[in-house]
Amino acid sequence: MQPRAWLPALLAAALSFAAGAQDNVRLPDMGSSAGALLSPQEADAYGASMLHQMRALNMVVDDPLLDAYINALGYRLVAASAEPKQKFTFFVVKDNEINAFAAPGGYIGVNAGLITTTADESELASVIAHEIGHITQNHLARAFEASRKATPLMALALLGAILAGAHSNGDAPIGILATGQGLLLQQQINFTRADEAEADRVGIQTLARAGFDPEAMADFFGRMLAALRPGGGEGDVPELLRTHPVTTSRISDAKARAHVIEEQTHPGAPRLAAGDTRWEDQLIPLPYVHDRDSLLAPRGGARPAAGASFYALMRERVRVLAAGDPRALAVYYAQNLDRTPGFDTVANRYGYALALSRSDRGAKAAETLRPLLQQDPDNLPLRLAMADAEANAGRRDAALAQYADMAADSPDNPAIALPYARALLADGKPEPARKAAALLKPLLDDSEDPNLYSTYGRACDVAGDVDRAAEAYADATYLSGHPEDALAQLRRLAAKPSLDYYTRARVDARIAELTPIVLELRRRGMRPDGDDQGRLTLRGG
């Protein structure tokens, strides 16, 4: 039995507010309103807890360039949705299953396998728009109200225990998995057909308003359905079709809705494009968009390489960063570039270069990227890939010069600042470390990427600011899904008598914030298992 094969189903169960509690669990009667049962603050806390737990299990692709892209695409759709001011968080899941899911608090996970399977950006946007529709139409809240025997945190806590057990040895994980499957899947609350139809309808409207092809949703689901082998078993069905059941009538309905929307559009009128000034008017009031310009174009004025859209470059980036074996992926690119007609594209050569760098073949990666940059010297993804390749090849001075040029063109861009800081820290000297810390510090307030905090902590440590380093390491630990470890680190820091007033105030505030989270996890029976990985296991009854 392969425990990981159950992860998509378990995630779907938990994230659909599964009823996973024992029958003797009694919750207080708080009325019939789902909104009263689950406040926006609680929903956000549950969604954040899920994301952190997934990070602890290495299930999230944390990459600043991809994060900027998927959130730019997501918020372009949010701006055209029924709730343009609602907070959303979009992230890429390190899973090659074709799927996406919505979670409490506006958290939307998009599997790497979904991104790499889509044929164009409209198809990717169509699935994200559908998940946005589930949230804006309150489908999650309705499911929660129907599942009165369990809270989302119970489902998430049980999910965490199950997933953590899957990483342990012995027979116990199988028992935990079997119990969890029975509790979660038996009482799973799926979206109803009406919910799915409504998410389709509002998603197609959102697609059209955001400037995408409104027929893309029907086209993508139809392509997935057509790809199924006749007579195939359940294992042949993409996870997307198991969690979002698709029929020919549903595809026909989606196409009909798309046609109606297209007919209602003034003939000859172009769809709203990302560069249209009307986008600026829509995006100004969005409270959760810190850099409005990032939604309109790639930061730093970067343009897609000749013959490759920005989407195509990011699709290959996802393919490489989510791959378990970059060497095997480099072989895949090399063989297809040589043998497969039509495969030799800018995007695929970019993916090949990334796979080479991750296989410690930076010199070959730089050789691959050089002609691409000659065609489009201002392209940010290509420039970043070249700097990374130079650093990987040991040509540190060349890499630093390229990072510095990009940072000058696009200051405060995490996709540039993070690898630039890492390159500065390579020699372990205090002066470059102080420069690295200065690069990263302005980015911390608007980021939940643990890599930024851990690299900032390393920079402060090398520069001699050990107290600030300890704060940053604790934040990175918390964002990586280990709140109890983070709390312990902060308490050790607070015990130092040498802390200045401002540092002590920050640390005390963080302790006050994390303490109830850790107490709740303890109450739910989730405790660190004591190893250096900080995994979570189920304790007690």
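The paragraphs below lead through a pocket, a pair of packed helices, a salt bridge and two loop residues of this structure, which is a predicted model.

A useful starting point is the empty space in the protein. Rolling a probe the size of a water molecule over the atoms shows where such space is left. The second largest pocket holds about 1000 Å³ of space, and 37 residues form its lining. Lying nearest the centre of this pocket are Asp62, Asp63, Leu321, Arg358 and Arg422. Taken as a whole, the lining of the second largest pocket consists of 19 nonpolar, eight polar and 10 charged residues.

The next feature is the packing of two helices. Two packed helices are described by the angle between their axes and the distance between the axes. For helix H6, which spans residues 121-136, and helix H11, which spans residues 216-226, the axes come within 8 Å and cross at roughly 100°. Because an angle of 65 to 115 degrees counts as roughly perpendicular, H6 is described as roughly perpendicular to H11. On the H6 side, the contact is made by Ser122, Glu123, Ser126, Val127 and His130, while H11 contributes Ala216, Met217, Asp219, Phe220 and Arg223. The residues of this contact of H6 with H11 divide into four nonpolar, three polar and three charged.

Charged side chains come next. Side chains of opposite charge can pair when their charged atoms come close, and a search of the whole structure finds 19 salt bridges. One salt bridge joins the side chains of Arg201 and Glu198, with an N to O distance of 3.6 Å. Arg201 and Glu198 both belong to helix H10, residues 193-209, and because they are three residues apart in that helix, about one helical turn separates them.

Finally, the backbone deserves a look at two positions. Most residues other than glycine have a negative phi. Asn58, however, has a positive phi of about 60° although it is not a glycine, and this residue lies in the loop that runs between helix H3 (40-56) and strand E1 (60-61). Asp360, likewise not a glycine, has a positive phi of about 60°, and Asp360 is found in the loop between helix H17 (346-358) and helix H18 (362-375).

Note on methods:
Residues numbered from 1 in each chain as written. Predicted model: local features only at pLDDT ≥ 70, side-chain atom pairs only at ≥ 80, totals over all residues. Heavy atoms only, no water. 1 Å grid on protein atoms, 1.4 Å probe; cavity = no way out; pocket = protein on both sides within 12 Å on 5 of 7 lines; lining within 4 Å. Points joined across faces, edges and corners; volume = space filled by probe spheres on them. Nonpolar A, V, L, I, M, F, W, Y, C, P; charged D, E, K, R; others polar. Axes fitted to C-alpha atoms, helices over the stretch in contact; angles between N-to-C directions. Helix = DSSP H or I, 4+ residues; strand = E, 2+ residues; numbered from the N terminus. Parallel < 35°, antiparallel > 145°, perpendicular 65-115°, else oblique. Contact = heavy atoms within 4.5 Å. Salt bridge = Lys/Arg side-chain N within 4 Å of Asp/Glu carboxyl O.
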